[in-house]
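Ready for some practice in reading a protein structure? Keep the model open beside you and try each task before you look at its solution.

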Amino acid sequence: MFGLVDCNNFYCSCERVFNPALRTSPVVVLSNNDGCVIARSNEAKALGIEMGAPFYKVKAFLERNKVAVFSSNYTLYGDMSRRVMMLLAGFTPALTQYSIDEAFIDLSGFGKGEALRSYGRRIVSTIGRGTGIPVTLGIAPTKTLAKVAAKYGKRYKGYGGVCLIDTEDRRVKALKGLPVADVWGIGRRTVGKLEYHGVRTAWDFTQRSEGWVRRELTVTGVRTWRELQGESCIDIEELPEKKSICTSRSFPDRGLSQLAPLEEAVAHFASSCSRKLKEQDSCCRAVTVFAYTSRFRTDAPCSAINRTVTLTVPTNDLRELVSVSVGALRSQWDASATFFYKKAGVIVWDICPSGEVQGDLFDTIDRAKQARLAAAIDAINRKNGYNTVKVAVQGTDTSWRMKHEHESGKYTTNIDDIIKVKA
């Protein structure tokens, strides 16, 4: 059984954690440079505020309706995501973070029926108490069905935050009530094709033959079709429409205690993320670098590095991502003590299509020149092998400001922003 843990209205929920007065008020979060609405609370949705609405067009409406407006605070959101994931890791032997606010967990062996539902409610309750972030858990035999369950868990409060699809009757009932457009892995273009053929619900989709699905939607559609039938066949590397990409590695022996080799590793991970972004023709707006010592060792001091950097212009450029990642690591490095970092990684997130990148008037990078150089490097690497040409900091071992007029404090990462209480 798989679980899909989804944080409810994540960006808005993060703002509410540190401002409880907003828990029942409409809240929206704006994109980079306060351009448009990218997150809405349920109350804001009820007012009819559309996702992606330009801020200058809805500003007066927001003021009239007393909607709380926040600039995107990716440092805060990234740290709150880390806290959610760390709590979640204690409930499962296998956790795969799919995006900043979603993760798949392995619930095999944790019981069936009410026992599994009870365990799921314990997970939801623990994360809510520990972070203040409300989450929904969908549980099912496949990742795609778990996504379906999570949608119902959010839609109906009666589920108590946990929706379980564990029988054939529940699977059929769920699919019959779900529009095909809401199926994970089926894009907008595909929806039009399916509806043309009379496929309007997820159940209609499962009633088509595998051959028909393969002919119309190729092998990717077949995987989704099989998952909706109850057959688990989507691997993490094949997950569609990734909203974040993580490259990480555990180090052998005691781990890495010197900055130089850790820099090489982080640079390598950033390079890998750049390649994966290009493969899916997308760019990222934020980069998180992390490194941890082993949590199981009691004979060595513990340390955790976690730094998120927000980019002025979304990018997938190799040199830029490597430079940002290595710089983030150096800024958090403590040279006064010796720590053995057992695991490190780079997460690129807040991903957007390459054709929808919003520029910046004060951008200091020559993007046209950067693109030409990147194209030349990619051509060489395609012909001669991955990393034939790379950034020097990657080594040979395998071992700017944005407009933020409504930004909240970095309550969990900046000591100057810690909330003060007068008694």
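**Exercise 1: Cysteines**

Is Cys233 buried, partly exposed or exposed? Classify Cys302 as well, then find the number of disulfides in the whole structure.

*Solution.* Bear in mind that this model is predicted.

Step 1. Buried means under 20% relative accessible area and exposed means over 50%, with partly exposed in between. Cys233 has a relative accessibility of 22%, so Cys233 counts as partly exposed.

Step 2. Cys302 has a relative accessibility of 55%, so Cys302 counts as exposed.

Step 3. A disulfide is a covalent bond between the sulfur atoms of two cysteines. Searching the whole structure gives 0 disulfides.

**Exercise 2: A hairpin**

Describe how strands E5 and E6 are arranged.

*Solution.* Step 1. Locate the strands: E5 covers residues 95–99 and E6 covers residues 102–106.

Step 2. Look at the pairing. The two strands pair in the antiparallel sense, over 4 bridges.

Step 3. Check the link. With 2 residues between them, E5 and E6 form a hairpin.

Step 4. Pick out a facing pair: Ser99 stands opposite Glu102 in E6.

**Exercise 3: A lysine in a helix**

Where is Lys147 placed, and is Lys147 buried or exposed?

*Solution.* Step 1. Lys147 belongs to helix H6, which spans residues 143–155.

Step 2. The relative accessibility of Lys147 is 11%, so this lysine counts as buried.

Step 3. Now look at the surroundings. Beyond its neighbours within four places in sequence, Lys147 is in contact with Leu4, Tyr98, Glu102, Phe104 and Trp184. You met Glu102 in the hairpin exercise, where Ser99 stands opposite Glu102.

**Exercise 4: Two more residues**

Work out the place, exposure and contacts of Thr247, then do the same for Tyr411.

*Solution.* Step 1. Thr247 lies in strand E9. Its relative accessibility is 10%, so Thr247 counts as buried.

Step 2. Leaving out residues up to four places away in sequence, Thr247 touches Phe269, Ser272, Cys273, Lys276, Gly345 and Val346.

Step 3. For a distance, take Asp363, which is 116 residues from Thr247 along the chain: the C-alpha atoms of the two are separated by 27 Å.

Step 4. Tyr411 is in the segment after helix H13 (367–384). With a relative accessible area of 22%, Tyr411 is partly exposed.

Step 5. Apart from residues up to four places away in sequence, Tyr411 touches Phe18, Leu76, Asp417, Ile418 and Ile419. The C-alpha atoms of Tyr411 and Lys422, 11 residues apart along the chain, are 17 Å from each other.

**Exercise 5: Spaces in the protein**

Which residues line the largest cavity, and which are closest to the centre of the second largest pocket?

*Solution.* Step 1. The largest cavity has a volume of about 60 Å³. Its lining is made up of Arg254, Thr293, Ser294, Arg297, Ala300, Pro301 and Phe340.

Step 2. Sort that lining by class: 3 residues are nonpolar, 2 polar and 2 charged.

Step 3. Turn to the second largest pocket, with about 1,300 Å³ of space. It is lined by 41 residues, and those closest to its centre are Leu95, Gln97, Ser248, Phe290 and Lys343.

Step 4. Find the elements involved. Those giving two or more residues to the lining of this pocket include helix H4 (74–89), E5 and strand E9 (244–250).

Step 5. Sort this lining too: it divides into 19 nonpolar, 15 polar and 7 charged residues.

Note on methods:
Residues are numbered from 1 along each chain as its sequence is written. This is a predicted model: local features need pLDDT of at least 70, side-chain atom pairs count only at pLDDT 80 or more; totals for chains, interfaces and linings use all residues. Side-chain values use heavy atoms; hydrogens and water are left out. Buried means under 20% relative accessible area, exposed over 50%, partly exposed in between (1.4 Å probe, protein chains only). Contact means heavy atoms within 4.5 Å. Two strands pair if DSSP finds at least two bridges between them. A disulfide is a pair of cysteine sulfur atoms within 2.5 Å. On a 1 Å grid over the protein atoms alone, a cavity is a set of points where a 1.4 Å probe fits but cannot get out, and a pocket is an open set with protein on both sides within 12 Å along at least five of seven lines; lining residues have an atom within 4 Å of a point. Grid points are joined across faces, edges and corners, and a volume is the space filled by probe spheres set on the points. Ala, Val, Leu, Ile, Met, Phe, Trp, Tyr, Cys and Pro count as nonpolar, Asp, Glu, Lys and Arg as charged, and the others, Gly among them, as polar.
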